[in-house]
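Reader: I should like to learn how the terms applied to a protein model are justified. May I put some questions to you about the one shown here?

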Amino acid sequence: MVKNNWNSRTKHELIIEVWEYLDCESVGSRELEQIQKALHQHFGEGASSSSSPASIARTVANEGARLRHPEVFECDRRWREENLKKWALPGTLDFSDLSSAFASVVKLEERRLQLQVDSDDKGLKNLREVVAVIRKDLLLKARSKIIDDRQKTLLKEVSHWLSVWLQSPELFSDWLDLRRRSPEFRKSFEAD
């Protein structure tokens, strides 16, 4: 892609303008990355870091583009991993078992508090976006037919934690403490 002088005034318009400029029958990883590059050049880092490949793909699909879905999913996964490292947390989050999930939400909360102390609104916004994506991913995994019921219960529980964190981060720690003491929780996770 050579063109650098785009006419668009909004992200949505630019996504469509670049897609039309690329003149491609289908959209996959290469095209999504080029659109993100144009967003970055035209609007700055905030535009490209807040526009996931999946959201760009949805925009061009609504305009008639045919998507190469495996490439779109893989591109979006890579982008989310990079954003998690860049904006949200040092290290990784692990939701494979109850104790790891608890440690991971503690990391999330520590990061949120640090961003709040630093008055980093952009970082807080990005952290919220990352947590929302993680929550969606956990819910998708919980619907999988190849995951056992115990793991599904864990994934649903942790996605509920993240939902509360997103809705009321200031109350989250107290809520989680009460949740872990509840009879329902203890019954579901007594072995853990």
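Reader: Why is Arg78 called partly exposed?

Author: This is a predicted model. In it, Arg78 has a relative accessible area of 29%. Buried requires a value under 20%, and exposed requires one over 50%. The value of 29% lies in between, so Arg78 is partly exposed.

Reader: What makes the pairing of Arg78 and Glu33 a salt bridge?

Author: The side chains of Arg78 and Glu33 meet with N and O atoms 3.0 Å apart. The cut-off is within 4 Å, from a side-chain nitrogen of Lys or Arg to a carboxyl oxygen of Asp or Glu. The distance of 3.0 Å satisfies this cut-off, and therefore the pair counts as a salt bridge. Arg78 belongs to helix α5 (residues 69–88) and Glu33 to helix α2, so that the pair, 45 residues apart, links distant parts of the chain.

Reader: How do you know whether Glu33 is buried, partly exposed or exposed?

Author: Glu33 has a relative accessible area of 38%. Since this value is neither under 20% nor over 50%, Glu33 is partly exposed.

Reader: Why is Glu31 called buried?

Author: The relative accessible area of Glu31 is 4%. The term buried applies under 20%, and therefore Glu31 is buried. Glu31 is found in helix α2 (residues 29–43). Leaving aside neighbours within four places in sequence, Glu31 is in contact with Leu22, Cys24, Ser26 and Arg68.

Reader: What makes Arg30 and Glu31 a salt bridge?

Author: The closest N and O atoms of Arg30 and Glu31 are 3.3 Å apart. This is within 4 Å, so the pair meets the criterion. In general, side chains of opposite charge can pair when their charged atoms come close.

Reader: How do you know that Lys125 and Glu129 form a salt bridge, and what separates them along the helix?

Author: The closest N and O atoms of Lys125 and Glu129 are 3.3 Å apart, and the cut-off of 4 Å is therefore met. Lys125 and Glu129 are four residues apart in helix α7 (residues 121–142), which means a separation of about one helical turn. Elsewhere, salt bridges that share partners join Arg30, Glu31, Arg68 and Glu71 into one network.

Reader: How many salt bridges, helices and strands are there?

Author: The structure holds eleven salt bridges. The protein chain has ten helices and two strands. Buried residues make up 43% of its 192 residues.

Conventions. Residues numbered from 1 in each chain as written. Predicted model: local features only at pLDDT ≥ 70, side-chain atom pairs only at ≥ 80, totals over all residues. Heavy atoms only, no water. Buried < 20%, exposed > 50% of the residue type's maximum accessible area, 1.4 Å probe, protein only. Contact = heavy atoms within 4.5 Å.
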